[in-house]
Amino acid sequence: MTSETESDFFATYKAVSNKLKKKFLKKPSIADMSSDFGKLARNLDDKSCSQYAGLCCVAMAKCEQSMSNTFNEVEALIRASRYFLNSDSYLEAIKCPNFREHLRSAIECYDQAIKIYTTQGLSHLAGSLCIEVADYLCKSKLKSEALLRYQQAVQLFDLYPSFCVCALKKIAEIRIDLNNFLGALDACTMALKIIEEKGGYQNDGKTLVDSFFDIHKDMELMAVFLLMFLNMSPLKISAEHSLLLQKYTWDGLNDSSSVSNRIDTELFTLVQSFVMACSSHNIKSMLFLQNKLELHLSPSLYSLVDIVVDEYKNPKFIA
């Protein structure tokens with residue numbers, strides 16, 4: 001922003017703010033002020049002055065709040081949040097010293113909007129904002145902070161199993177990155193339980209509906225690989241995890257579960273073989289199967305397989 005543009009912004013902002021002052025026998029129009037702040041925000045955004053556009057939207061939100069226009073207030077807060085995030089992202093992109101003040105401003109606006117949505121009983125919209133800010137934090141490599149936001153989203157998505165499971169998948173992936181493998185397994189287990197209990201299956205109780213199949217497959221495979229990594233003794237492993245592993249052993253080859261049957265046959269066989277190789281600590285077979293699995297798994301799942309193989313080759317966590 002040039003000094004001339006900055007001067008214009010402050011002059012215009014002050015002019016709009018002065019409209020708040022009551023004139024003789026004339027009451028200021030807050031609706032007009034809100035509109036003026038909105039126009040100023042758009043003009044500033046066009047000039048790549050996102051942080052100032054965010055300030056205008058905050059002022060706009062205050063105007064809407066004073067008129068009890070809750071919907072417009074939330075919309076202004078969300079606009080402000082995104083403007084502040086744009087400014088933070090720009091500073092990161094140009095490698096400029098960044099004290100994250102714009103990020104803090106964005107989070108503050110998000111929190112206000114989330115609070116309003118929650119008060120209005122719109123928990124799914126509040127949860128979507130948690131996901132939005134968490135995704136940005138994750139992209140900014142602030143994973144511990146992102147984890148808290150994804151956990152908040154899980155609570156808000158309590159009545160929306162599809163969204164809840166997607167948030168749990170993010171939690172599991174972040175916990176793996178943070179070497180919290182037990183926590184990641186807990187997230188996977190919770191996700192699988194939600195799918196089974198809250199509408200993930202058709203009326204027969206076994207056949208997954210299409211919208212849940214892919215996410216269920218990913219979470220199940222992630223749980224299996226995590227169990228291989230943790231290498232729990234039979235005395236410590238839970239009954240539900242024991243049943244899960246049985247599906248991927250030779251004893252479970254004829255298992256009638258629709259989940260196993262609908263997974264690609266080659267993938268199922270490879271995972272089954274990998275589980276057996278881990279159980280027998282056959283490093284050579286694990287390395288062979290690792291290369292084969294790369295063609296069938298998503299990058300995050302294949303990365304987990306790589307972690308498992310590396311752990312068996314050079315134990316750090318396995319007792």
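In this predicted model, the lining of the second largest pocket draws at least two residues from each of three helices, namely α10, α11 (239-246) and α13 (265-279). The lining of this pocket comprises 16 residues, and those that lie nearest its centre are Met 228, Met 232, Ile 237, Leu 245 and Ser 279. The space within the second largest pocket amounts to about 280 Å³.

Helix α10 also takes part in the largest nonpolar core, which contains 102 residues. Within this core, the members that touch the most other members are Phe 225, Leu 226, Tyr 248, Val 271, Phe 274, Leu 297 and Val 308. The greatest contribution to the core comes from helix α10, spanning residues 210-230, which supplies 13 residues. The surroundings of Phe 274 illustrate this packing: when residues up to four places away in sequence are left out of the count, Phe 274 touches Phe 225, Met 286, Leu 289, Leu 293, Val 305, Val 308 and Val 309.

Two helices were examined for their span. Helix α4, formed by residues 70-93, has 24 residues and reaches 35 Å from its first C-alpha to its last, which is close to the 34 Å expected at 1.5 Å a residue. After α4 comes Lys 95, which has a positive phi, near 60°. Helix α5, formed by residues 101-119, has 19 residues and reaches 27 Å between its first and last C-alpha, close to the expected 27 Å. Just after α5, a positive phi of about 80° is found at Gly 121.

The buried residues of α5 are His 102, Leu 103, Ala 106, Ile 107, Cys 109, Tyr 110, Ala 113, Ile 114, Ile 116 and Tyr 117. These buried residues pack against four helices, α3 (50-66), α4, α6 (123-139) and α7 (143-156), and α4 is thus a packing partner of α5.

Five aromatic pairs are present in the structure. One of them is formed by Phe 157 and Phe 163, whose rings are tilted, with a distance of 5.3 Å centre to centre and an angle of 50° between the planes. The two rings of this pair can also be described by their accessibility. Phe 157 counts as buried because its relative accessibility is 4%, under the cut-off of 20%, whereas Phe 163, with a relative accessible area of 44%, is partly exposed. Both residues belong, together with Tyr 160, to one aromatic cluster.

Conventions. Residues numbered from 1 in each chain as written. Predicted model: local features only at pLDDT ≥ 70, side-chain atom pairs only at ≥ 80, totals over all residues. Heavy atoms only, no water. Core = buried A, V, L, I, M, F, W, Y, C linked by side-chain atoms within 4.5 Å. Buried < 20%, exposed > 50% of the residue type's maximum accessible area, 1.4 Å probe, protein only. Contact = heavy atoms within 4.5 Å. Expected span 1.5 Å × (residues − 1). Phe/Tyr/Trp six-rings, centres within 6.5 Å; stacked < 30°, edge-to-face > 60°. 1 Å grid on protein atoms, 1.4 Å probe; cavity = no way out; pocket = protein on both sides within 12 Å on 5 of 7 lines; lining within 4 Å. Points joined across faces, edges and corners; volume = space filled by probe spheres on them.
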